[in-house]
Amino acid sequence: MRRLYLAAGLLFVGMGAIGAFLPIMPTVPFLLVAVFCFARSNPEWEQRILDHPVWGPQVRDWQERRAISRRAKVLAIGAMTTGAAVTWYTLGEPWVWISVAILIIAGTWIATRAE
């Protein structure tokens with residue numbers, strides 16, 4: 001079971017790394033799952049994520065207080081808005097409505113979290 005958690009943790013770190021560069025894909029939620037997996041397989045790697053200068057504070061804020069900083073909220077909603085705009089320009093209707101629905105649902109959820 002430990003190897004399965006380790007493999008999943010690595011997969012989610014990889015997805016988080018991709019999300020750091022793509023506006024439509026999140027980073028911190030993937031790192032939260034990776035931390036969960038590493039806590040059960042490799043506590044040293046869990047600590048490395050928690051100690052990371054950029055992502056660590058966001059992960060700890062969520063773990064400790066279920067909070068998202070205002071800056072992270074603005075960046076997340078801005079990235080989703082950018083993704084919806086890119087979808088509109090590249091794919092048009094009806095595909096843009098999927099992006100808009102994600103923006104409304106996820107953006108509202110993000111905006112209503114504690115800071």
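The paragraphs below lead through a predicted model, beginning with its confidence and then following selected residues along the chain.

The pLDDT averages 90 over the chain, and 98% of the residues reach a score of at least 70. When the elements of the chain are set side by side, the highest mean pLDDT, 94, belongs to helix 3, which covers residues 43-50, while the lowest, 89, belongs to helix 5. Where pLDDT is low, predicted coordinates should not be read in detail.

A starting point is Asn-42, which is placed in the loop between helix 2 (28-41) and helix 3. Because its relative accessibility is 18%, and the limit for a buried residue is under 20%, Asn-42 counts as buried. Once neighbours within four places in sequence are left aside, the contacts of Asn-42 are with Arg-2 and Leu-6.

Further along the chain, the loop between helix 4 (56-65) and helix 5 contains Arg-66. The backbone of this residue deserves attention, since Arg-66 is not a glycine and yet has a positive phi of about 55 degrees. In contrast to the buried Asn-42, Arg-66 counts as partly exposed, because its relative accessibility is 49%, and a residue is called exposed when the value is over 50%.

Helix 5 itself spans residues 70-90, and Thr-87 lies within it. With a relative accessibility of 12%, Thr-87 is counted as buried. Apart from its neighbours within four places in sequence, Thr-87 is in contact with Gly-92, Trp-95, Val-96 and Ser-99. Among these partners, Trp-95 falls in helix 6, whose residues are 95-111.

The loop between helix 5 and helix 6 holds Pro-94. The peptide bond that joins Glu-93 and Pro-94 is cis, with omega at about 0 degrees.

Helix 6 also includes Ile-98, which counts as partly exposed because its relative accessibility is 46%. On the surface, Ile-98 forms a nonpolar patch together with Leu-91, Trp-95 and Ile-102, and the accessible area of these residues together is about 430 Å². Trp-95 thus appears in two settings, as a member of this surface patch and as a contact of the buried Thr-87 in helix 5.

How values were computed: Residues numbered from 1 in each chain as written. Predicted model: local features only at pLDDT ≥ 70, side-chain atom pairs only at ≥ 80, totals over all residues. Heavy atoms only, no water. Helix = DSSP H or I, 4+ residues; strand = E, 2+ residues; numbered from the N terminus. Buried < 20%, exposed > 50% of the residue type's maximum accessible area, 1.4 Å probe, protein only. Contact = heavy atoms within 4.5 Å. Patch = residues over 30% accessible without salt bridge, like charges linked within 9 Å, V, L, I, M, F, W, Y side chains within 5 Å. Areas by Shrake-Rupley, 256 points an atom, 1.4 Å probe, with all protein chains shown as cover. Salt bridge = Lys/Arg side-chain N within 4 Å of Asp/Glu carboxyl O. pLDDT = per-residue confidence, 0-100.
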